[in-house]
Amino acid sequence: MKRKRRITAEQIAQRIVKKGKLPRHVAIIMDGNGRWAEKRGLPRAIGHKEGVTAVKRVVRAAARIELPYLTIFAFSRENWKRPRSEVSALMKLLEVTVRREIGELHENNVRLITTGRIDELSPRRKSALEEGVRQTAGNTGLVLNLVFNYSGRDDILRAVKRLVEEAATGRADADGIDEERFDASLMTADLPEPDLIVRTSGEMRISNFFLWQAAYAELYFTSTLWPDFEAKHLYEAIEEYQRRERRFGSVG
Ligand code: FPP
C-alpha cells in the first residue's frame, strides 16, 4: 500500500510565502484550553499552561513567515465571571509568562503591545505588561498584540464617550466624525484591521472580541483545541485565507 507523505509545517510555510497575498494582521481567539484539560482529567489551569506553549509555537510560526501583526485574545472582560481560582491562575500565568518570555521575544525583534483595560489589573500584572511593552518598544519585527481584559462593546462605548466629550468641548463636531475618526478613538487605533480571525475549538462566535474591527475580516474556525494548535494549523488557516476572494462589498 502506498503511504501518503505527510506535509510538514515548513513546506506549507514555503508554499504560502511563495503564493504571496499574506494577511497583514491575523487575530486569534484561543479557545478550548479547559476542554483540553478536562478530556485528560486535569485541572483547567493546566489547559491554560499548555495554551501558553501553543502561543509560543504560533509566535515563532508567525515570525517565520514575517507576518507583520499577530493578535491573541487571552482574557475578556467577561472572563472575570469564571471561578476565582481560575481567574487567579490566568492572572498569574500572564505575569509569569510575560516576565519569562520577554527576553526571547526581544532577542527575536518582536514588539509586544497590549489591547484592553490593563489599568484594571493589579499593579504587579500591570507592571509586568508595561515593562514588556517598554522593553520591546524599539523592535521592528512581528508586532505581538496581547489582548487582555478586553471587550469589543466596551471598546466601542469608550470611543463614543470620548467623541461625545470632544464634541462637548468643541474639539470635534458631529459632521466630522467619520469612520476614520472613530477608528482612531478605539483601543486599536495604532493597528491595521485584522484580515483574518481564527477561532479554535469548534465554537463559531466572535464573543465580544473585535466587533468594529472585524467588519471585513475573513473568519476561520477550526475544531482543534488551542493547546493542540501548531504552526501547521496557522499556516493552513492562512492558506484558506489566500483562497478566499475579498470583495469589501464590491464585485469580484
Ligand atoms: C479559552 O479556553 C482560553 C482562555 C480564556 C485563556 C487563554 C489564555 C492562555 C492561552 C494563556 C495566557 C496567555 C498568555 C500569553 C499569558 P477556555 O478556558 O474557554 O476553554 P473551554 O472553552 O474549553 O472551557
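Helices here are DSSP runs of H or I at least four residues long, numbered from the N terminus. By that count, I102 lies in helix 4, and this residue is a handy place to start in what is a predicted model.

**Starting from I102**

Is I102 buried or exposed? I102 is buried, with a relative accessible area of 8%, because the cut-off for buried is under 20%. Setting aside neighbours within four places in sequence, the contacts of I102 are T97, L112, G132, Q135 and T136. Helix 4 spans 84–107, strand 3 spans 111–115 and helix 5 spans 123–135, if you want to find those partners by element. For a longer reach, take L22: I102 and L22 sit 80 residues apart in sequence, and their C-alpha atoms are 26 Å apart in space.

**The overall fold**

Zooming out, the chain has 8 helices and 6 strands. Going along the sequence, they come in the order α-β-α-α-β-α-β-α-β-α-α-β-β-α. The radius of gyration is 19 Å, close to the 18 Å from the globule rule for 252 residues, so the chain is as compact as a globular protein of that length. If you are setting up a box, the C-alpha atoms fill one of roughly 75 × 50 × 35 Å along the principal axes.

Of the 252 residues, 46% count as buried. Among contacts between residues at least 6 apart in sequence, 78% join residues at least 24 apart. On the outside, the chain exposes about 14,000 Å², and carbon and sulfur atoms supply 50% of that area.

**Charges and salt bridges**

The chain carries 45 positive and 36 negative charges, and the mean positions of the two sets are 8 Å apart. How many salt bridges does a search of the whole structure find? The search turns up 29. Three of them are set out here, with N to O distances.

| Pair | Distance (N to O) | Relative accessibility |
|---|---|---|
| R77 and E120 | 2.6 Å | R77 25%, E120 35% |
| E101 and R100 | 3.0 Å | E101 10%, R100 51% |
| R243 and E240 | 3.4 Å | R243 56%, E240 23% |

The salt bridge between R77 and E120 links distant parts of the chain, with the two residues 43 apart in sequence. R77 sits in the loop between strand 2 (69–76) and helix 4, while E120 sits in the loop between strand 3 and helix 5. R77 counts as partly exposed, and E120 is partly exposed as well.

The pair E101 and R100 mixes two settings: E101 counts as buried, whereas R100 is exposed. With R100 at 51%, the label follows because exposed means over 50%.

R243 and E240 both belong to helix 8 (residues 231–243), where they are 3 residues apart, so about one helical turn separates them. R243 is exposed, while E240 counts as partly exposed. This pair is also part of a wider arrangement: D195, E218, E240, R243, R244 and R246 are linked in a network of salt bridges.

**Around L219**

One member of that network, R244, also turns up next to L219. Not counting residues up to four places away in sequence, L219 touches I197, I206 and R244. L219 is found in strand 6 (residues 218–221) and counts as partly exposed at 33% relative accessibility. Its partner I206 is 13 residues away along the chain, with 9.3 Å between the two C-alpha atoms.

**Two positive phi values**

Most residues other than glycine have a negative phi. Two residues to look at on a Ramachandran plot are K21 and N149: phi of K21 is near 55°, and phi of N149 is near 55° too.

Where are they placed? K21 is in the loop between helix 1 (9–19) and strand 1 (25–29), whereas N149 lies in strand 4 (residues 143–150). Their surroundings contrast as well. K21 is exposed, with a relative accessible area of 52%, but N149 counts as buried at 0%.

Definitions and conventions
Residues numbered from 1 in each chain as written. Predicted model: local features only at pLDDT ≥ 70, side-chain atom pairs only at ≥ 80, totals over all residues. Heavy atoms only, no water. Rg over C-alpha atoms; globule rule 2.2 N^0.38 Å. Buried < 20%, exposed > 50% of the residue type's maximum accessible area, 1.4 Å probe, protein only. Contact = heavy atoms within 4.5 Å. Areas by Shrake-Rupley, 256 points an atom, 1.4 Å probe, with all protein chains shown as cover. Lys, Arg positive; Asp, Glu negative; His and termini not counted. Charge placed at Lys NZ, Arg CZ, Asp CG, Glu CD. Salt bridge = Lys/Arg side-chain N within 4 Å of Asp/Glu carboxyl O.
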